[in-house]
Amino acid sequence: MARTEQQSNDKFAGRWFWRYASPAAFYPLAGKIENVCWVLACLLTLVGLYVGFFVAPTDATQGEVYRVIFIHVPAAWMAMVIYLAMAFWAGTGLVLGTRLSFMMSHALAPTGAIMAVVALWTGALWGRPTWGTYWVWDARITSTLILFFLYVGYMALAAAFDDKKKGDRASALIALVGAINVPIIYFSVKWWTTLHQGSSVRPGSSSMATTMLWAMLIMTFAFWAYCVAAAMHRLRTQIIERESGSAWLREAVK
Amino acid sequence: MMWESWSAFWDMGGRGFFVWGSYGALLVAVVAELVSLRSTRKAALQSMQDTHDAL
Amino acid sequence: MSLRTVAGAVFRREMQLFARRKSDWANPIVFFLIVCSLFPFAVGSESEKLKLIGIGVIFVGALLSAMLSLPRLFDDDARDGSLELMLASSEPLAVLILARITALSLGLGAALTIAAPVFALFYALPFAVAGMLALSVAMAVPTLLLIGAIAAALLVSARGGAILTAVLVLPLTIPTLIFGAGAALKVFYGEPPAAELALQGAFLLLALALCPLAAAAALKISTD
């Protein structure tokens, strides 16, 4: 008797998770997550920028220009993390066949591409006064550029099919192929730069004051919140696009 | 207050172009994304309405 | 019929087609020649300058011409219906795809491998470098075709295939480019190229192991 109860509990626990694989169940939850994350993103950005610009001291070697780090490093991290998340949902979608997983991948890609561009742009503007050049073919910079290419390829492929299901699965496969390649590309480029450049200039590595680290950490959480909110918004739009005929959606949108 | 004046704040120790160029680019990117999020949502809702009206 | 006979038949058919349709290998070579001859006009004709860019230009040119032949892998077959036969076959799809890629690699790879050291003369490169370029190109073309087969398989029925193939495939070939051109550069600077060649070989083997499976999955997705 006790045993069967245990079993049905396990089953129920499983169902709790699976329930949210259905767009109808996830749509309202995504809305709640989105709203919380917009608020968090705004608050954390305000706090982070205040600490970054009014509490953190001037850097001893770089002067004021180091303050770019508060957005540069979070953007670079997000570009990487979002790609991994995108590949994870793509793989989940291919294995389990859950259409919400594919939508999640599609929802993440544009934000990831934007983060890659922001990381490259701010890196260039930071690099010019610090190492005297806008662009260095350094492993991290080059990998971020290639990451951007992979995002663009993923989005272009997803849009190239009239049949959405086909586009889902095709782009998911490419996301996985890219995920396998990212580390290979990173180490190849790293090897290549040590080969060609006698003295490679590198950012960072100088000791940072605690308040600087705090500002960067808070901004990182702000970026997380922003990216989650943007992805959830896009996910809900996708659900609207794809389920436009269903009755539950008409109720939910009202 | 660690800045002597607002002009010192905007000047960023002579590196204003690089600092504000970075933050400005982020702002542009975020605003562009928000606008596109809003417009695609609007279009999706509109087309849903249209298909419903057509029925 | 055993798997071996089927794979062999696919391979032989591909080689016969390749021998019959001269444009399949002649056009990439002509394209390669034109790309290689354009750069001196843009850079200047001093042989010192040309030497420095020659290896890169020839290597990238070879990769681009190989990429142009990627649609050949599946597009014609999709049109005449032999792709459906391949898909319906009880043999593992990955092996059949591997047989096709092998045939194309041998045909096109041989043509580009012969052309690359000849074009090295345009750039005043020494014979040793030209020889290493030939070896590098011979290893890089199959790697590119293996990776490219995934994209070609996905885009069999999609619009805008050619440009999209380039966007998808070229970023993934960067490691091959680094070590392929790197081996020739090492010879150019009089150093042993063993490490670059070993890594390039490793990429080829990795692609050989993974890409046919991925391409088979891709073909199933796109022809579903």
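**Exercise 1. Burial and fold of chain C**

Determine what percentage of the residues of chain C is buried in this predicted model, and state which secondary structure elements chain C holds.

*Solution.*
Step 1. Chain C has 224 residues, and buried residues make up 46% of them.
Step 2. The secondary structure of chain C comprises 10 helices and zero strands. Read from the N terminus, the order of elements is α-α-α-α-α-α-α-α-α-α.
Step 3. Consider next how contacts are distributed along the sequence. When contacts in chain C between residues at least 6 apart in sequence are taken, 79% of them join residues at least 24 apart.

**Exercise 2. Dimensions of chain C**

Decide whether the radius of gyration of chain C agrees or disagrees with that of a compact globule.

*Solution.*
Step 1. For 224 residues, the radius of gyration of a compact globule would be near 17 Å.
Step 2. Chain C has 18 Å, which agrees with that expectation.
Step 3. The extent along the principal axes supplements this value: the C-alpha trace of chain C spans about 55 × 35 × 30 Å.

**Exercise 3. Helix α9 of chain C**

Compare the span of helix α9 of chain C with the expected span, and establish how many of the residues of α9(C) are buried.

*Solution.*
Step 1. Helix α9 of chain C covers residues 174-188, a total of 15 residues.
Step 2. From its first C-alpha to its last, helix α9 of chain C reaches 20 Å, close to the 21 Å expected at 1.5 Å a residue.
Step 3. As to burial, 14 of the 15 residues of α9(C) are buried, so the helix is mostly covered.
Step 4. Just after α9(C) comes C:Gly190, which adopts a positive phi of about 75°.

**Exercise 4. The nonpolar core**

Identify the residues with the most contacts inside the largest nonpolar core, and list the contacts of C:Ala149 beyond its neighbours within four places in sequence.

*Solution.*
Step 1. The largest nonpolar core has 159 residues.
Step 2. Those with the most contacts inside this core are A:Ala79 from chain A together with C:Ala62, C:Leu133, C:Ala149, C:Ile150 and C:Leu154 from chain C.
Step 3. Once neighbours within four places in sequence are set aside, C:Ala149 is in contact with C:Leu73, C:Ile97, C:Ile101, C:Cys211 and C:Ala215.

**Exercise 5. Contacts between chains**

Establish which pair of chains shares the most contacts, and describe the two sides of chain A that touch chain B and chain C.

*Solution.*
Step 1. Two pairs of chains are in contact, and of these, chains A and B share the most contacts. No contact joins chain B and chain C; their closest C-alpha atoms lie 23 Å apart.
Step 2. The contact between chains A and B takes 28 residues from chain A and 21 residues from chain B. On the chain A side, α3 (69-96), α4 (99-131) and α7 (210-242) each supply at least two residues. Of the elements of chain A, α4(A) gives the most, with 10 residues. By class, this side of chain A has 14 nonpolar, nine polar and five charged residues.
Step 3. The contact between chains A and C takes 21 residues from chain A and 20 residues from chain C. Here the elements of chain A that give two or more residues are α5 (139-159) and α6 (164-196). The largest share, 12 residues, comes from α6(A). The residues on this side of chain A divide into 16 nonpolar, three polar and two charged.

**Exercise 6. Chain A and its confidence**

Describe the make-up of chain A, and locate stretches of chain A with pLDDT below 50.

*Solution.*
Step 1. Chain A holds eight helices and zero strands, and of its 254 residues, 45% count as buried.
Step 2. The mean pLDDT of chain A is 86, with 88% of its residues at 70 or more.
Step 3. Residues 1-8 of chain A have pLDDT below 50, and this stretch has zero contacts in the model beyond near neighbours in sequence. Residues 197-205 of chain A likewise have pLDDT below 50, but this stretch has seven contacts beyond near neighbours in sequence.

**Exercise 7. Two partly exposed residues**

Explain why C:Val30 and A:Leu40 are classed as partly exposed.

*Solution.*
Step 1. A residue is partly exposed when its count of other C-beta atoms within 10 Å falls between the limits of 12 or fewer for exposed and 20 or more for buried.
Step 2. C:Val30, in helix α2 (residues 23-43) of chain C, is partly exposed because 13 other C-beta atoms lie within 10 Å.
Step 3. A:Leu40, in helix α2 (residues 23-55) of chain A, is partly exposed because 17 other C-beta atoms lie within 10 Å.
Step 4. Distances complete the picture. C:Val30 and C:Ser65 are 35 residues apart in sequence, with C-alpha atoms 9.0 Å apart. A:Leu40 and A:Asp168 are 128 residues apart along the chain, with C-alpha atoms separated by 31 Å.

Notes: Residues numbered from 1 in each chain as written. Chains lettered and ligands numbered in written order. Predicted model: local features only at pLDDT ≥ 70, side-chain atom pairs only at ≥ 80, totals over all residues. Helix = DSSP H or I, 4+ residues; strand = E, 2+ residues; numbered from the N terminus. Rg over C-alpha atoms; globule rule 2.2 N^0.38 Å. Expected span 1.5 Å × (residues − 1). Core = buried A, V, L, I, M, F, W, Y, C linked by C-beta atoms within 7 Å. Nonpolar A, V, L, I, M, F, W, Y, C, P; charged D, E, K, R; others polar. pLDDT = per-residue confidence, 0-100.
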